[in-house]
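Student: I have a structure open and would like to talk it through with you. Could we go step by step?

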Amino acid sequence: GTLSISGLFTWAGGTLDGAGTTTASGGMTINAAAKTLSAHTLINTGTANWSGTGNVNLNTNAVFTNASGATFNAQNDQFFTGGAGLPLGEHGRYPTR
């Protein structure tokens with residue numbers, strides 16, 4: 001299914017799994033332990049801040065998209081791993097710490 005989040009979306013661990021799309025339009029905080037996208041699409045349309053430890057793992061054709069006009073702030077030394085669907089650099093801005 002489709003989930004649109006208008007307030008701040010805080011992803012502190014766990015898995016977004018299954019066919020469908022989650023759109024975070026009120027900003028996004030990614031922190032704490034490892035996170036996994038599995039067969040799911042996550043779209044940031046606001047400002048995302050990634051801090052803490054733990055990689056973001058993409059598997060089973062998962063996609064993370066930073067939409068045009070969005071900002072993704074990587075404030076750690078972690079990685080996006082796996083997957084083929086990571087269009088970083090194609091949209092939005094990607095400042096790092």
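Student: What is the accessible surface of the protein, and what share of it belongs to carbon and sulfur atoms?
Tutor: Happy to start there, and note that this is a predicted model in which local features need pLDDT of at least 70, side-chain atom pairs count only at pLDDT 80 or more, and totals for chains, interfaces and linings use all residues. Residues are numbered from 1 along each chain as its sequence is written, and side-chain values use heavy atoms, with hydrogens and water left out. Areas come from the Shrake-Rupley method with a 1.4 Å probe, and for residues only the protein chains shown count as cover. The accessible surface is about 4700 Å², and the share of carbon and sulfur atoms is 51%.

Student: How many helices and strands does the protein have?
Tutor: Both are DSSP runs numbered from the N terminus: helices are H or I with at least four residues, strands are E with at least two. From the N terminus on, the elements read β-β-β-β-β-β-β-β-β-β-β-β. The count is zero helices and twelve strands.

Student: In what order do the strands of the sheet with β2 and β11 at its edges stand?
Tutor: Two strands pair if DSSP finds at least two bridges between them. β2 pairs with β5 (residues 28–30) over three bridges, β5 joins β8 through three bridges, and β8 pairs with β11 over four. Each of these pairings is parallel, and the sheet is open with the order β2-β5-β8-β11.

Student: Which residues are bridge partners along that sheet?
Tutor: Let's walk across it. W11 has its partner in β5, namely I30. M28 is matched in β8 by A48. Finally, N49 stands opposite a residue of β11, N73.

Student: Which residues make up the covered face of β8?
Tutor: This strand spans residues 47–50, and its two faces differ in cover. The uncovered face holds T47 and N49. The covered face holds A48 and W50.

Student: What is the order of the sheet that has β3 at one edge?
Tutor: Its edge strands, β3 (14–17) and β12, each pair on one side only. Four bridges join β3 to β6 (residues 35–38) in parallel, with G14 matched to K35. The sheet is open and its order is β3-β6-β9-β12.

Student: Why is the pair of F64 and F80 called tilted?
Tutor: Rings of Phe, Tyr and Trp (its six-membered ring) pair if their centres lie within 6.5 Å; planes under 30 degrees apart count as stacked, over 60 as edge-to-face and the rest as tilted. F64 sits in β10 (residues 63–66) and F80 in β12 (residues 80–81), 16 residues apart. Their ring centres are 5.4 Å apart and their planes stand at 45 degrees, so the pair is tilted.

Student: Are F64 and F80 buried or exposed?
Tutor: Buried means under 20% relative accessible area, exposed over 50%, and partly exposed in between (1.4 Å probe, protein chains only). F64 has a relative accessible area of 1%, and F80 has 18%. F64 is buried, and F80 also counts as buried.

Student: Which residues form the aromatic cluster?
Tutor: The protein has five aromatic pairs by this rule. F64 and F80 belong to one cluster, whose members are W50, F64, F72 and F80.

Student: Is G69 buried or exposed?
Tutor: G69 lies in the loop between β10 and β11. The C-alpha atoms of G69 and N44 are separated by 9.7 Å. With a relative accessible area of 70%, G69 is exposed.
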